Each structure stands twice: as C-alpha cells, then as structure tokens.
Amino acid sequence: PSNVYALSNGKVLRSVDGGERWEHMGGPASPAVAIVYTRAGLFYALTSDGILYEHDERAARWKPVVKP
C-alpha cells in the first residue's frame, strides 16, 4: 500500500507515496500518544490528557468520542 500513517512528536502524519514525503494531518488539540486506523477509514487518537478522538478522512476533522 502506498498510504502510510505515523505518529511523531504528538502529531499524526500521512504519506501517500510509501513514506517518501510526509504531511501533517492536523490532529487533536493535545498531543497524541497513540493512533489506530480502521478498515472503515476511521482514525482514533488518544491524547496525552486521556481524551479519545475520532477522525473520518471524508470529514477531515477530529472530534472527541463522547462516552454514553
């Protein structure tokens, strides 16, 4: 696959060319400490202050996941 995602210094990065060039995807207000990408095209990021955020590539924004 040519799309690669990484976490560096609290920022979520994306490469669309197999890691040759990287771009910042934006991200939660607080630094991210972990990211997960799902087959459904969703990202989840856990921030240093313990808040879980969700990112949908189509919407291009991060929003906090609210507990029920």
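Reader: What does the chain average in pLDDT, and how many of the residues score at least 70?
Author: This is a predicted model, and the chain averages a pLDDT of 88, with 94% of the residues scoring at least 70.

Reader: And in which strand is confidence lowest, and in which is it highest?
Author: Confidence is lowest in strand 7, where the mean is 88, and highest in strand 4, at 93. As a general caution, where pLDDT is low, the predicted coordinates should not be read in detail.

Reader: OK, on to the sheets. In what order do the four strands of the open sheet come?
Author: The order is 4-5-6-7, and the pairing in that open sheet is antiparallel. Strand 4, covering 32-37, and strand 7, covering 61-64, stand at the edges with a single partner strand each, so one side of each is left without a neighbour in the sheet. From one strand to the next, the twist averages 25 degrees.

Reader: How many bridges join strand 4 to strand 5, and what lies between them in the hairpin?
Author: Five bridges join strand 4 to strand 5, which spans residues 42-47, and the two run antiparallel. One of the facing pairs is Tyr37 with Phe43, the latter in strand 5. Four residues lie between the two strands of the hairpin, and in that turn Gly41 has a positive phi of about 85 degrees.

Reader: What about the other end, strand 6 to strand 7?
Author: Strand 6, residues 52-56, is joined to strand 7 by four bridges, again with the strands running antiparallel. Here Tyr53 stands opposite Pro64, which belongs to strand 7.

Reader: Tyr53 again, then. Which residues is Tyr53 in contact with, leaving aside its neighbours within four places in sequence?
Author: With those neighbours left aside, Tyr53 is in contact with Pro28, Phe43, Tyr44, Ala45, Thr47, Trp62, Lys63, Pro64 and Val65.

Reader: Which residues make up the largest nonpolar core?
Author: That core has seven residues in all, namely Val12, Met25, Ala32, Phe43, Ala45, Tyr53 and Trp62. Phe43, Ala45 and Trp62 therefore appear both in the core and among the contacts of Tyr53, taking contact as heavy atoms within 4.5 Å.

Reader: Switching to the three-strand sheet, which strands stand at the edges there?
Author: The three strands form an open sheet in the order 1-2-3, with antiparallel pairing. Strand 1 (4-8) and strand 3 (23-24) stand at the edges, and because each has a single partner strand, one side of each is left without a neighbour in the sheet.

Reader: How many bridges are there between strand 2 and strand 3?
Author: Strand 2, residues 11-15, pairs with strand 3 over two bridges in the antiparallel sense, and Glu23 in strand 3 is the bridge partner of Arg14.

Terms used:
Residues numbered from 1 in each chain as written. Predicted model: local features only at pLDDT ≥ 70, side-chain atom pairs only at ≥ 80, totals over all residues. Heavy atoms only, no water. Pairing = 2+ DSSP bridges. Axes fitted to C-alpha atoms, helices over the stretch in contact; angles between N-to-C directions. Core = buried A, V, L, I, M, F, W, Y, C linked by side-chain atoms within 4.5 Å. Buried < 20%, exposed > 50% of the residue type's maximum accessible area, 1.4 Å probe, protein only. pLDDT = per-residue confidence, 0-100.
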